[in-house]
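Visitor: I am new to this structure. Could you show me how to read its features, one at a time?

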Amino acid sequence: MKVYCPYCRKDVEYDLEKRDIKEFRGVVVDTYENVPVCKKCGNDLYISDIENENNKRIYDIYRSKEDIIKPQDIVNLRKKYNISQRELTYILGFGKMTINKYERGSLPTKSQSDYLKLLIENEHEFVKKVEEAYDKKNITKKTYEKIILNNKERHVNKKDIQELFREHIEQTLYRKPDIYNGYKEFDLDKIENIISYISSKVKNLTITSLNKYLWYIDMLSFNERTVSITGLTYEHEKYGPTIINQEYNEISLLDDKYKREDYENENGTITKIVSNKNYDLSKFSDSEIKIINKTIKLLKDKKVTEISEMSHNEDAWKKTKRYENISFEYASNLKFKI
Ligand SMILES: [Zn+2]
């Protein structure tokens, strides 16, 4: 293939020379570039396809080393707020074609990249920027309202759903204090905090294990203080005592204090609880914290199957039938001892 050489002033044949690139914008990249060289005069030539390939190779390394945002990150930001390249450009006050160039693979400076990253990760900052742009009349009322409304809806919906879960859980699990909830009124706030706390201490906390942790905590508490901690009611299920009506599913979906992560293995879907580490232990008395800590200590190195088997050894499980509520009277002969 021939290409124009500005030195020879005619179309010439060329060789590709591979050259090392050690540094790019002050960052060690340790890669190479292909340079077309005129066979006649030996000068470097410019071929845009080859140059683009070279740039992409270098940019990819530079991006990952300097943590520079990717074109897709900007596209995603626009999609999230349903705005065009032009609208985003006006919001940011960048040069006219900047966003377009970045989305096509041009490399942002580190500072522009960091700035974009802040806006991508922080909705509040982005909305502030939108409001500024609107005040300065850089964007239209239509653009402004589209973004603000869109943003509101997204938040209201998420909050609403969480509130619905909470209401549903309260309604289903509430019962007057009696022997089936350890004479304690149901306390969802405490439950969320305990779960956040346990999951911060226990690696790979599955939902099956979590049921057992809560049950043992409440049983131990009842044994020591004749009152449970959470006010939960438990029933006899295949893998041991669990929160009644499978409400642990709804509880696992609350996401203020912990997150639910589902993953697949050979036994099907395993649900894991991961702490947000924002639990508040000031809601608990010293004796309650002691019981919770001891339970964690006794169970945290055990496998799910071991914990299930332990619970199967308890009178509370042996003397009840499937789906029957488990009375706290069995707390007095608990084999699980502190
Ligand atoms: Zn030449």
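Guide: Start with exposure. A residue is buried under 20% relative accessible area, exposed over 50%, and partly exposed in between. Keep in mind that this is a predicted model.

Visitor: Let me try that on a cysteine. Is cysteine 8 buried, partly exposed or exposed?

Guide: Cysteine 8 has 23% relative accessibility, so it counts as partly exposed. Cysteine 5 has 0%, so it counts as buried.

Visitor: What do these cysteines hold? Which atoms coordinate the zinc ion?

Guide: To read a metal site, list the donor atoms, then look at distances and angles. Here the zinc ion is coordinated by the SG atoms of Cys5, Cys8, Cys38 and Cys41. The distances are 2.2 to 2.3 Å.

Visitor: And what geometry does the site of the zinc ion have?

Guide: First the general idea. Ideal angles for four tetrahedral donors are 109.5 degrees. Now the case here. The angles among the four donor atoms run from 101 to 113°, and the site is tetrahedral.

Visitor: How are the donor residues spaced in sequence?

Guide: The spacing is C-x2-C-x29-C-x2-C. Read each x with its number as the residues between two donors.

Visitor: Next, backbone angles. Which phi value does arginine 9 have?

Guide: Look at the sign of phi, then at the residue type. Arginine 9 has a positive phi of about 55°, although it is not a glycine. Arginine 9 sits in the loop between β1 (2–5) and β2 (10–24). Its relative accessible area is 67%, so arginine 9 is exposed.

Visitor: What about lysine 277: where does it lie?

Guide: Lysine 277 is in the loop between β8 and α11 (286–299). Its phi is near 60°, a positive value in a residue other than glycine. Lysine 277 is exposed because its relative accessible area is 62%.

Visitor: Now pockets. What is the volume of the largest pocket?

Guide: Read a pocket in steps: volume, lining, elements, classes. The largest pocket has a volume of about 640 Å³. It is lined by 24 residues, and the closest to its centre are Ile207, Thr208, Tyr239, Ile270 and Val304. Several elements give two or more residues to this lining, among them α9 (207–225), β8 (268–275) and α12 (304–312). By class, the lining of the largest pocket has six nonpolar, 13 polar and five charged residues.

Visitor: Which residues lie nearest the centre of the second largest pocket?

Guide: They are Tyr59, Arg63, Arg104, Gly105 and Ser106, out of 18 lining residues. Two elements, α1 (48–66) and α2 (71–81), give two or more residues to the lining of the second largest pocket. The volume of the second largest pocket is about 360 Å³.

Visitor: Which element gives the most to the lining of the second largest pocket?

Guide: That is α1, with seven residues. The lining of the second largest pocket takes at least three residues from each of domain 1 (2–66) and domain 2 (71–148). By class, this lining has four nonpolar, five polar and nine charged residues.

Visitor: And cavities? How many of 30 Å³ or more does the structure hold?

Guide: A pocket is open, whereas a probe placed in a cavity cannot get out. The structure holds one cavity of 30 Å³ or more. The largest cavity has about 40 Å³ of space. Its lining residues are Ile195, Ile207, Leu210, Leu214, Ile243, Tyr248, Ile251 and Ser252. Both α9 and α10 give two or more residues to the lining of the largest cavity. By class, this lining has seven nonpolar residues, one polar and no charged.

Visitor: Last, distances. How many residues apart in sequence are serine 332 and asparagine 223?

Guide: Compare the gap along the chain with the gap in space. Serine 332 and asparagine 223 are 109 residues apart in sequence, and 5.7 Å apart in space, C-alpha to C-alpha. Serine 332 is in the segment after α13 (315–318). With a relative accessible area of 56%, serine 332 is exposed.

Visitor: What separates the C-alpha atoms of glycine 93 and aspartate 160?

Guide: Those C-alpha atoms are separated by 35 Å, with the two residues 67 apart along the chain. Glycine 93 lies in the loop between α3 (85–92) and α4 (98–103). Its relative accessible area is 58%, so glycine 93 is exposed.

Notes: Residues numbered from 1 in each chain as written. Predicted model: local features only at pLDDT ≥ 70, side-chain atom pairs only at ≥ 80, totals over all residues. Heavy atoms only, no water. 1 Å grid on protein atoms, 1.4 Å probe; cavity = no way out; pocket = protein on both sides within 12 Å on 5 of 7 lines; lining within 4 Å. Points joined across faces, edges and corners; volume = space filled by probe spheres on them. Helix = DSSP H or I, 4+ residues; strand = E, 2+ residues; numbered from the N terminus. Nonpolar A, V, L, I, M, F, W, Y, C, P; charged D, E, K, R; others polar. Domains from an automatic or database assignment. Donors = N, O, S within 2.8 Å, 3.2 Å for Na, K, Ca; no water. Tetrahedral: all angles 85-135°; square planar, octahedral: opposite > 155°, others 65-115°. Buried < 20%, exposed > 50% of the residue type's maximum accessible area, 1.4 Å probe, protein only.
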